Amino acid sequence: MRRNEVAQLFLAHNHELHRFVSRKLDCTDAAAEITQEAFLRLLERAPNDLHNPRAYLYRIALNIVADVRDLRRRNRSVSDEIAVRDASDDAPTAEHHVISREELLRLQQVIASLPPRQREVLELHKFAGLRYAEIAARLGISKNTVMVHMVRALARCRDALERD
């Protein structure tokens, strides 16, 4: 088909084709792109002896709409698969439960083995939620001493967990 014939078809049927495609996809933005693509394909691929250019144009547009619908379906199914896989990946496995229990038991043992003052400072801060100044006032020691006990207690806990 020649350019001037496609230009005449464009002027005569662009809005009509856009509305048609828009109803098929329920998306005006996609319809605009598909309408343009249909005219481009008509220009590139239509035979010179075309008897009904308008029908051929609509057939091109319907083929593109079908391709878009197929692509959307595939993307949805891939998205669904990813969502299912991600949801299942988030669930801890039995192995993770066992490892977590073992680490928790090890941590409890380490805390129990801390010197009494370090253990007391750690428990007051981490489990009772007291701030350093509150711990210092409660135990009658300086805030800096509380920090020293916390640093040492946390270091022992970290070292014990890293060894295992």
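Which residues gather in a patch of positive charge on the surface? Here are some friendly notes on this predicted model, starting with that patch.

1. **The positive patch.** The residues to look for are R19, R23, K24, R69, R72 and R76, which gather on the surface as a patch of positive charge. Two helices each supply at least two residues of this patch: α1, spanning 3–25, and α3, spanning 53–90. If you have the structure open, colouring those two helices is a handy way to start.

2. **R72, a member of the patch.** R72 belongs to helix α3. Is R72 buried or exposed, or partly so? R72 counts as partly exposed, because its relative accessibility is 32%, and the partly exposed class lies between under 20% for buried and over 50% for exposed. R72 also turns up in the contacts of A30, so please keep R72 on display for the next point.

3. **A30, a partner of R72.** A30 sits in helix α2, which covers residues 28–45. Its relative accessibility is 16%, so A30 counts as buried. Leaving aside residues up to four places away in sequence, A30 touches L25 and R72. A30 thus links this point to the patch, since R72 is one of the patch residues.

4. **A30 and V65.** How far apart are A30 and V65 in space, C-alpha to C-alpha? The distance is 9.3 Å, while 35 residues separate A30 and V65 in sequence.

5. **H149.** Further along the chain, H149 lies in helix α7, made up of residues 143–163. H149 is buried because its relative accessible area is 17%, and the cut-off for buried is under 20%. Which residues does H149 touch, not counting those up to four places away in sequence? They are R117, Q118, V121 and I141.

6. **The overall fold.** The protein has 7 helices and 0 strands. Read from the N terminus on, its elements run α-α-α-α-α-α-α. Among contacts in the protein with a separation of 6 or more, 56% join residues 24 or more positions apart. The pair A30 and R72 is a contact you can inspect by eye.

7. **Burial and surface.** Of the 164 residues in the protein, 26% are buried. A30 and H149 are two buried examples. The protein exposes about 11600 Å², and carbon and sulfur atoms supply 52% of that area.

Terms used
Residues numbered from 1 in each chain as written. Predicted model: local features only at pLDDT ≥ 70, side-chain atom pairs only at ≥ 80, totals over all residues. Heavy atoms only, no water. Patch = residues over 30% accessible without salt bridge, like charges linked within 9 Å, V, L, I, M, F, W, Y side chains within 5 Å. Areas by Shrake-Rupley, 256 points an atom, 1.4 Å probe, with all protein chains shown as cover. Salt bridge = Lys/Arg side-chain N within 4 Å of Asp/Glu carboxyl O. Lys, Arg positive; Asp, Glu negative; His and termini not counted. Charge placed at Lys NZ, Arg CZ, Asp CG, Glu CD. Helix = DSSP H or I, 4+ residues; strand = E, 2+ residues; numbered from the N terminus. Buried < 20%, exposed > 50% of the residue type's maximum accessible area, 1.4 Å probe, protein only. Contact = heavy atoms within 4.5 Å.
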